[in-house]
Amino acid sequence: MSLRNLRPVVSAVPGASHLRIAVLAAVSVLMAPGSMTCGYTAELPIRIGAPLPLTGALSPEGVKLQQGYELWKDTVNATGGIAVGTVKRPIEIVYYDYQSATPKAVQLAEKLATDDKVDFMFSPFGSGASKAASTVSERYGIPTLAPTASSSEVYDQGYKNLFGTFTSNDTLSEPMADIVKAKAPNAKRVAILARNDLYPLALGQEFEKSSKKRGLEVVYFEKYAINTLDHASALTEIKAAKPDWIIATGYINDMILIRKQMADLGIKAQIVTMINAPAYQEFIDATGPLADNVTSATWWHPAVRYESKDAFGSSAKYTEMFQKKFNALPDFTNATGSSVGVVLQMAIEQAGSVDRDKVRETLAKGGFDTFFGPLSFNSVGQAVSYVPPVFQIQKGKPVVIYPDVIKGGELQLGVR
Amino acid sequence: MKRPPVMMIGFGLLALAIVALPFAATNYLLRLTTIGFMYVALASSWNIVGGFTGYPSFGTADFFGIGAYASGILRSSGAFPLPLSWLLGAAAATVFSLMVGPAILRLRGHYFAVASLVLAAVLREITNAATGLTGGGMGLNLPTTGTISVDAQARLYYASMLAAALIAVGVATLIWRSRWGWAMRCVEQNEDAATVLGVNTLATKIVAFAASAGTAGLVGAIYATWIGYIDPTDAFDDLLSVKPIVMAFIGGVGTIFGPVAGAIVFLVLEEFVWRNVLNFHAGILGIIIVALLIFMPGGLRNVARGIERFFTAGRTGHIDKVVPPAVPS
Amino acid sequence: MLYLQILINGILLGGLYACIAVGFSLVWGVLNVINILHGSFIVLGAYLAFFAYTGLGVHPYLFAPIAALPLFILGYAVQLVVINKVIEAPVLVTMTATFGLTLLLDNLMLVAFQANFRKVSLSPPLGIIDLSDTFPALDLIVPVDRLASMLFALLFVGLLYLLLRRTAVGRAIVAVRMDRYAATLMGVNTEKVFAVTFALGAALAGAAGALLSPIFPISPLAGTAYLGKAFVICVLGGLGSVSGALVGGLVLGILESFGALFFGPEHSLTLSFTVLILFLLVRPNGIMGKRGFV
């Protein structure tokens, strides 16, 4: 069928459209945004740019990050703001929604830098977007805190302005592999199923490395496409390979589906590790009894016990305040959102100014005692100063099994 | 072709504004206008296949993405200067269209639409899988645009996108006025009759497809270097296929300047809507699309026709085609 | 044995796929409208089933026909208000229009339900049938919930078939699908048929969503995945026919399962879309061809 009915008049003088364009162009120029107004009459606020995926595929994580930011902001603003020298300046966070599209995140980072002229920035969600947006930060010299960038590839561009509060992916795989070696000595065969995406794949590769290092045999390592609806074939193959330790990486929906299909196919193994979904209550709710004995590792957990010199005072207090405000336990994404705020605040207070160079230097020095853990950064800006806890879901509740100082239980073998 | 003086002055002012903008405007406005040029180019590009030839293509994303990745990969190798990687990006997209075109252009209507839409999905998956070449799901980070200043970079991309838009509209105009354009219009009206007339419909469609591919690929190539990061979901985004269609609808499908006007109106609408509504913009875009298609299927051309008549009253050379009633196909 | 298990997986998946696609195929074949909304309708049905189960304790399989009802009404409304206005327009317009509607519906669901993935966890869980219990040589496992969903899906598809074959409304739909202008000449009220068909397609999507809710995680973002499958199945099996959807679904399910085994799971989507394009080029009327009317 053709567009016959909608065909326009063919004119020998298409000139009228020129006028239309001119008018439209003029209108668009005139619709340029007005100036930003400051919301505080007292002290000028410290403005932080935060592009977030508030809609689209990553919106659950975007919302969680925002909750973390907001809790920090409200807590600090209740005391008047961040202490810069002798004055207290309130915090203002400028949010934009990049709709889970990384190029848009980069554009918005640019906008925050050049038009909104923010003082500092928080990275968008995830390793990929953080890496992409860090170019903008470097270009404009804006110290940027990355709450969710764990893959070391994010930091390999030699930038000076990026600081991430997640330790690298191998800090998730190494302790887990140690535990497996220690507690399950006859576990020899490892199967890995990773999502074909920056972070889950990088994580899968770390697990492969950690397993091989300890003499375990990786009998299966495959990637699945994003948006896979059915994992039965991959899991059937895994079952045939008879692994003792199964590792799966991906996002929540993938993990829920994989766990369920594992049970559907009657797959049993001594240890099943899934990252990061078990850290979220949604995973436990959605999988019910199937969540039991699934192990995972995460950068922070309400069970950790850090005392801190930051706005919250301790991880226990943080958990309490989060619960009061949002009626739910904080997960690691909420916590890291607050952590970047806390670190930035401490750096500003220590530097005694919001001068970007001074703050950057102070950040690089590290040594921040936060509720999230002690935070210090390596030469490329990634956190290297704490050990992500390993935990296991036991009877529907997450129990920390490593490190020993905050252990709540022992590893239980056998997943049905 | 004589034009009324008012038109020439208006046109001149516009040209002046466009040239002066990079030196006078805020970064935000500069970025917005660059996106505007991108939209103009994409809408015009789609129009060649969808408007002139009447083939419902949902394939703009295919060409855009290929151009983006080709240019991205070339730039990442470090051996190609910007303009060359842009041209090669456009060339890659054109080659792709020449490979795929002869096959899927034999399909009509729905099947063609679905095929072009699904091609994007296939390309997305292939790109995801070819991790070594494209970075797969991790995306591709492009090297920065040399050592020129940030402001100069912004102006550079403004100018390049403007060039892409001019090229797209220029190609469309050239085609429109050529024998190919005539052949495309024949195909659009009634493909079988065109064949009877002796028009090589397949060749015509392939030319349209290739022209569309080259222009969209050029835009994709420039875009990749501008943003500095691409990944399969964004380079082959379905919205990239749908938005140019909507823009062409707004301005008038099948005209030269319809897509241009439509792109600008769409941009203004999108900015206005998006800036104010944080979490419902997709929904509002949906409402706008539906409202547009129901209430203004002809786009603004009705407005345009009025303005045209106003200026051309009494002139000759005004072709008004009589639209025959819809025949079941 | 591995292959046999994969085959079983494929068949179970295929039944589910058939249910996903049959409503989409009907609308495409009869109204000539590519209904991009279909995926979102499925998700909506899944949400309704989820809330019915967690809130009221109604089992999703029982809820499926109930879920069909509000979706029927929604489909009817959408058809009347939007689709009808553009139904004579070329595919470009209708496809873009339904695309716009999907943007709207997805956004509404996102705002209403949030994007976290929900899932119906049946308790007590239906468990699995381990064939090696009865036949020690067969080391095969059949998950009961997938089996049940598939059987119910086939039931709905069968009901649709009966509807199309035996009732006046159904025959009118088939007539319009065969030749809408001839049907008008025969006295069929095509406008009414369009509305009913679209509504029926939506209802089937809703029922499918309910049946899928214990199997796939639910989120407003899942719609496009279902839609993609529906596309492939329709082209594979042939438009507008129930048997086509069934055949297409089964073929796709088996193809994907074996494809993942031989080419790796990351290529399963590429495989299905490539098959789609091949079919479009070689045999656009699908496996069942034009003969597969009902």
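Where is the place of A:Asn276 in chain A? A:Asn276 sits in the loop between E11 and H9 of chain A. I will come back to that loop after some ground rules.

What you see is a predicted model, in which local features need pLDDT of at least 70 and side-chain atom pairs count only at pLDDT 80 or more, while totals for chains, interfaces and linings use all residues. Residues are numbered from 1 along each chain as its sequence is written, and chains are lettered from A and ligands numbered from 1 in the order in which they are written.

Chain A, then. Chain A has 12 helices and 16 strands; helices (H or I, at least four residues) and strands (E, at least two) are DSSP runs, numbered from the N terminus. The chain has 416 residues, and 62% of them count as buried. Buried means 20 or more other C-beta atoms within 10 Å of the residue's own, exposed means 12 or fewer, and partly exposed is in between, with C-beta atoms placed from the backbone. Of the contacts in chain A with a separation of 6 or more, 67% are between residues 24 or more positions apart. A contact requires that the two C-beta atoms, placed from the backbone, lie within 7 Å.

Back to the loop. The peptide bond joining A:Ile275 and A:Asn276 is cis, with omega about 5°. On one side of this loop is strand E11, residues 271–275, and on the other is helix H9, residues 281–287. Together with E12, these two elements of chain A make a right-handed β-α-β unit. Right-handed here means that, with the strands pointing away from the viewer, the path from the first strand over the helix to the second runs clockwise.

Strand E12 of chain A covers residues 294–297. E12(A) pairs with E11(A) in the parallel sense over 2 bridges, and with strand E15 of chain A, residues 390–394, in the antiparallel sense over 3 bridges. Two strands count as paired if DSSP finds at least two bridges between them. A:Thr295 takes part in both pairings: A:Thr273 is its bridge partner in one, and A:Gln392 in the other. In a regular strand the side chains alternate between the two faces of the sheet. For E12(A), both faces are covered, since A:Val294 and A:Ser296 on one side and A:Thr295 and A:Ala297 on the other are all buried.

Next, some backbone details elsewhere in chain A. A second cis peptide bond runs from A:Tyr402 to A:Pro403, with omega near 0°, and A:Pro403 is in the segment after strand E16, residues 397–402. A:Lys395, in the loop between E15 and E16, has a positive phi of about 55° although it is not a glycine. Why is A:Lys395 classed as exposed? Because it has 10 other C-beta atoms within 10 Å. A:Ser100 also has a positive phi, near 60°, and lies in the loop between strand E4 (91–97) and helix H3 (102–114). A:Ser100 counts as buried because it has 25 C-beta neighbours inside 10 Å.

On domains: chain A is divided into domain 1 (46–167 + 303–375) and domain 2 (170–298 + 389–406), with bounds from an automatic or database domain assignment. Their centres, taken over C-alpha atoms, are 29 Å apart. The contact takes 13 residues from domain 1 and 11 residues from domain 2. Helix H4 of chain A, residues 126–140, gives the most to the domain 1 side, with 3 residues. By class, that side has 4 nonpolar, 6 polar and 3 charged residues. For these classes, Ala, Val, Leu, Ile, Met, Phe, Trp, Tyr, Cys and Pro count as nonpolar, Asp, Glu, Lys and Arg as charged, and the others, Gly among them, as polar.

Lastly, chain C. In the interface, 35 residues of chain C are in contact with 34 residues of chain A. H1(C) gives the most to the chain C side, with 5 residues. That side divides into 20 nonpolar, 9 polar and 6 charged residues. Helix H1 of chain C spans residues 2–31 and includes C:Tyr3, which is exposed because it has 11 C-beta neighbours inside 10 Å.

Helix H9 of chain C, residues 190–212, has 23 residues and reaches 32 Å from first C-alpha to last, close to the 33 Å expected at 1.5 Å a residue; the expected span is 1.5 Å times one less than the number of residues. Of the 23 residues of H9(C), 20 are buried, so the helix is largely enclosed by the rest of the structure.
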